[in-house]
Structure formats: C-alpha cells, structure tokens
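Reader: I would like a close look at a single part of this model, one helix and its surroundings. Please take it step by step and keep it plain.

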Amino acid sequence: MNSTWVKIYTSHQFMKSEIVRQVLVDHEIEAVLMNKQDTAYKFGGVEVYIHQSNFDKALEIIIQNDL
C-alpha cells in the first residue's frame, strides 16, 4: 500500500469494518481492509483504507449511513 491510501474507519469488530468497506464499494469507491487484530486475544483494530482522492465522498457516505 502506498501513500495515496488513507485510513477512513477503524473498529474492533471485523464485521463493522467489513460493512463499511462493502457500503463504500457499493458506491464505487475502492476500499480495502487491514486486519491488525491479534488472532488469539482479539485486541487491535480492523481498519478500512481508501484512495485519498475519495476521502470527502467516502466520509459523506459513512455519515449519511450512520456507520
């Protein structure tokens, strides 16, 4: 991942981050997950990254959908 990707969302629950990612993809915004959770103890977060150029549009979608 290079510097054109920015973090738009973080959650400690994998499914919440996956829902955000899927909503963004449904709105034609490329989004990827980065799972930084420890597999044994489940601490850490699951982050959603998007291209920097889509940040404003993605943030508006997240707010409008109460995600």
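Author: The model is a predicted one. The part to examine is helix α1, which lies across β1, β2 and β3 and runs at about 165° to β2.

Start with the helix itself. α1 covers residues 14-26. Its 13 residues should span 18 Å at 1.5 Å a residue, and the end C-alpha atoms are 18 Å apart, so the two values agree. Just after α1, Glu-28 takes a positive phi of about 65°.

Next, the side that is covered. The buried residues of α1 are Ser-17, Glu-18, Val-20, Val-23 and Leu-24. An α-helix has 3.6 residues a turn, so residues three or four places apart point the same way. The cover over the buried residues of α1 includes β1, β2, β3 and α2.

Two of these buried residues can be followed outwards. Ser-17 has a relative accessible area of 0%, and it counts as buried because that value is under 20%. Beyond its neighbours within four places in sequence, Ser-17 is in contact with Tyr-9, Thr-10, Ser-11, Leu-33, Val-46 and Val-48. Among these partners, Tyr-9 and Val-48 are also bridge partners, with Val-48 in β3. Val-23, with neighbours within four places again set aside, is in contact with Ile-61, Asn-65 and Leu-67.

The strands under the helix form an open sheet of three, in the order β1-β3-β2, with antiparallel pairing. β1 and β2 are the edge strands, each pairing on one side only. Neighbouring strands are turned by 30° against each other on average, direction ignored. Between β1 and β3 there are six bridges.

The other helix, α2, lies across β1 and β3, running at about 15° to β1. One of the links between the two helices is the contact of Val-23 with Ile-61, as Val-23 is a buried residue of α1 and α2 covers residues 55-64.

These pieces come together in the largest nonpolar core, which has twelve residues. Val-20, Val-23 and Leu-24 belong to this core, as do Tyr-9, Val-48 and Ile-61. β1, α1, β3 and α2 each supply at least two residues of the core. The remaining members are Ile-8, Ile-29, Ala-31, Ile-50, Ala-58 and Ile-62. Ser-17 and Glu-18 are buried in α1 as well, but a nonpolar core is limited to Ala, Val, Leu, Ile, Met, Phe, Trp, Tyr and Cys, so neither can be a member.

Terms used
Residues numbered from 1 in each chain as written. Predicted model: local features only at pLDDT ≥ 70, side-chain atom pairs only at ≥ 80, totals over all residues. Heavy atoms only, no water. Core = buried A, V, L, I, M, F, W, Y, C linked by side-chain atoms within 4.5 Å. Buried < 20%, exposed > 50% of the residue type's maximum accessible area, 1.4 Å probe, protein only. Helix = DSSP H or I, 4+ residues; strand = E, 2+ residues; numbered from the N terminus. Contact = heavy atoms within 4.5 Å. Expected span 1.5 Å × (residues − 1). Pairing = 2+ DSSP bridges. Axes fitted to C-alpha atoms, helices over the stretch in contact; angles between N-to-C directions.
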